[in-house]
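Good morning, everyone, and thank you for making time for this. Please have the sequence and the structure open while I talk, since I will move from one residue to another.

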Amino acid sequence: MTEQTDIEGNVGPIDDVTLEGIRSVFANLDGLVEEAAFDSRLDPTKLEIRFSDGIGDASWCRFDIRWFQKGYYSFHHTDEQGVNFRFDYHPKPGMPEKHFHSPPEARSANVEQSCITTTEPMLVARAIHSLWRRAYDTKSVELLNEAENPP
């Protein structure tokens, strides 16, 4: 397993070129993006996108994003209120490969099928941003995984 995730199996190394593209998508889509940077310049393991506001009472939030060269991914949201959720695509025995870890804890057990069906990286980024933005605008995480063919 990878640190702070439940990613199992051979997902390949981090795809930093794709993560650069995802960084641009988020930076161009939302004025609330405060910072978008890799955790390490020499050996990046994730892209961190920090927002200057969060859903509901949260005054900030962050996505930790991993995209692997085999096309698998993890978009993990966390905020100051301890609200975590995650959209993942990776092998997970007994569970759908494209799955959603619901808030507030994003537990590894009891995942549900993700509403995101595409695997094209920039469309996945747009879909997750769109779902997050709807939750931000409505101040509710209830419908985070409710959409038909987003974005």
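**Cysteines, rings and the core**

I would like to begin with Cys115, which is buried, with a relative accessible area of 10%. Please keep in mind throughout that we are looking at a predicted model. The sulfur of Cys115 lies 18 Å from the closest cysteine sulfur, the one in Cys61, and that is too far for a bond, because a disulfide needs the two sulfur atoms within 2.5 Å. Cys61, for its part, is in no disulfide, and it is buried as well, with a relative accessible area of 0%. The count of disulfides in this model therefore comes to 0.

Let me turn to the aromatic rings, where the count comes to 14 aromatic pairs. In one of these, the ring centres of Tyr73 and Phe75 are 5.6 Å apart and the planes meet at 80°, and because an angle over 60 degrees counts as edge-to-face, that is what we call this pair. Tyr73 is buried, and Phe75 is buried too.

Which kind of pair do Tyr73 and Tyr89 form? Their ring centres are 5.8 Å apart with the planes at 55°, so this pair is tilted. This pair also links distant parts of the chain, since Tyr73 belongs to strand E4, residues 73-79, while Tyr89 belongs to strand E5, residues 85-89, and the two are 16 residues apart. Both of these tyrosines, Tyr73 and Tyr89, are buried.

Staying with Tyr89 for a moment, you will find the charged end of Lys98 over its ring, 5.4 Å from the ring centre. A second arrangement of this kind involves Arg50, which lies over the face of Trp60 at 4.8 Å from the ring centre.

There is also a cluster held together by ring pairs, and its members are Phe26, Phe51, Phe63, Phe85, Phe87, Phe100, Trp132 and Tyr136.

Finally, we come to the largest nonpolar core, which has 37 residues, and in which Phe26 and Phe75 touch the most other members. At least two residues of this core come from each of helix H1 (16-29), strand E1 (33-38), strand E2 (47-51), strand E3 (61-67), E4, E5 and helix H2 (121-138). Which element gives the largest share of this core? That is H2, with 8 residues.

Terms used:
Residues numbered from 1 in each chain as written. Predicted model: local features only at pLDDT ≥ 70, side-chain atom pairs only at ≥ 80, totals over all residues. Heavy atoms only, no water. Phe/Tyr/Trp six-rings, centres within 6.5 Å; stacked < 30°, edge-to-face > 60°. Buried < 20%, exposed > 50% of the residue type's maximum accessible area, 1.4 Å probe, protein only. Helix = DSSP H or I, 4+ residues; strand = E, 2+ residues; numbered from the N terminus. Lys NZ or Arg CZ within 6 Å of the ring centre and 35° of its normal. Core = buried A, V, L, I, M, F, W, Y, C linked by side-chain atoms within 4.5 Å.
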